[in-house]
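Look at the model below and follow the chain from end to end. Then read on for a short guided walk.

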Amino acid sequence: MPELPEVEVVRRGLERWVAHRTVAGTEVLHPRAVRRHLAGPDDFAHRLKGRHIGTPQRRGKYLWLPLEETNESVLAHLGMSGQLLVQPHSAPDEKHLRIRVRFADSLGTELRFVDQRTFGGLSLHDNTPEGLPDVISHIARDPLDPLFDDEAFHQALRRKRTTIKRALLDQSLISGVGNIYADEALWRARIHYERPTAHFTRPVTAELLGHVRDVMNAALAVGGTSFDSLYVNVNGESGYFDRSLDAYGREGLPCKRCGTPMRRRPWMNRSSYFCPKCQRPPRVSS
DNA sequence: CCTAGAACCTGCGAGC
DNA sequence: TGCTCGCAGGTTCTAG
């Protein structure tokens, strides 16, 4: 499932293979893949034609392709199963191919958006003065952004009446963290996922942020995570960071620190993995 | 305003 | 063999 490191790998692939090319034509094969483009599939395709792609950008799990002629960008979100593939024209269509973008050059490749579960999609938006697509102005900077404000994040935690994993997944507080890296960072920090944030101290917040950054950088270093072959990078190569996971998916397996069997708990229509010894639950449980 | 939880989707694997 | 059901989960919307 693409979180920040996987999306960054895709962004780098797009920078290598798609930037500075000119759109010849766009084919929308499933309207849901452009549902965020309110004017519809035909408008999306029409407005992309003839446009020049700039340098791909990313914030959290969102990435976008600035268009060089105007102050607009093609926004992309991979959802849970989305892939952006650069394929030869001759490659057979993927089963879940949703959008195809052809270019006005002789490189012989095209950009494809493939998405089984259709939670992701592409859309075209005006940019804010900061160069951000306007519809994601509510998304916070991510922890690998040099301008991420650690102190502001800490104060937000203190202000909220919520629990730490909810806060880590709140993209308006900190972006790019998903279920997998949240569990990994909390395990490294020895913090239970239901611990209230209101009484976090600066050192605790700082240590947790350090672990979030460490686990993301480690994933980036090996090109992202892949669990079920749904996620592949822009050239279709799977990552392999999953072999390094310490918490996620390890129910019943010994904690890599203390040997206690790891547990899985249903949480928010998904799962939380944790070590019951290293990550003690808060006294007052919701 | 704030927080909790459901809905959106499809494929896969377990269990009957 | 073939069916049902739980599970995967990022984001947005709604309910309280």
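**A walk through the model**

Strand β10 (residues 270-274) contributes the most to the surface near DNA strand C, with 3 residues. Strands here are DSSP runs (E, at least two residues; helices are H or I, at least four), numbered from the N terminus. A residue is near a molecule or strand if one of its heavy atoms lies within 4 Å of it.

This is a predicted model, in which local features need pLDDT of at least 70, side-chain atom pairs count only at pLDDT 80 or more, and totals for chains, interfaces and linings use all residues. Residues are numbered from 1 along each chain as its sequence is written, chains are lettered from A and ligands numbered from 1 in the order in which they are written, and side-chain values use heavy atoms, without hydrogens and water.

Stay with DNA strand C. Of the 17 residues around it, Arg-36, His-77, Met-80, Arg-117 and Tyr-248 come nearest. The surface near this strand divides into 6 nonpolar, 7 polar and 4 charged residues. Here Ala, Val, Leu, Ile, Met, Phe, Trp, Tyr, Cys and Pro count as nonpolar, Asp, Glu, Lys and Arg as charged, and the others, Gly among them, as polar.

Now look at single atoms. A polar side-chain atom of Arg-117 lies 2.8 Å from a base nitrogen of DNA strand C. Tyr-62 places a polar side-chain atom 3.4 Å from a phosphate oxygen of that strand. Asn-179 uses its backbone: a polar atom there is 3.0 Å from a phosphate oxygen of DNA strand C.

Turn to DNA strand B. The residues around it include Arg-32, Lys-95, Phe-119 and Asn-269. Sugar and phosphate make up 68% of the atoms of DNA strand B that come within 4 Å of the protein. A polar backbone atom of Arg-161 is 2.9 Å from a phosphate oxygen of this strand. A polar side-chain atom of His-96 lies 3.5 Å from a phosphate oxygen of DNA strand B.

How is chain A divided? Domain 1 covers 4-136 and domain 2 covers 150-274. These bounds come from an automatic or database domain assignment. The C-alpha centres of the two domains lie 28 Å apart.

Finally, find the sheet. 4 strands form an open sheet in the order β1-β6-β7-β5, with antiparallel pairing. Two strands pair if DSSP finds at least two bridges between them. The edge strands are β1 (23-28) and β5 (82-88), and each pairs on one side only. Strands β6 (residues 97-103) and β7 (residues 109-115) pair over 4 bridges.

Methods
Polar contact = N/O pair within 3.5 Å; in protein donor to acceptor, adjacent residues only side chain to side chain.
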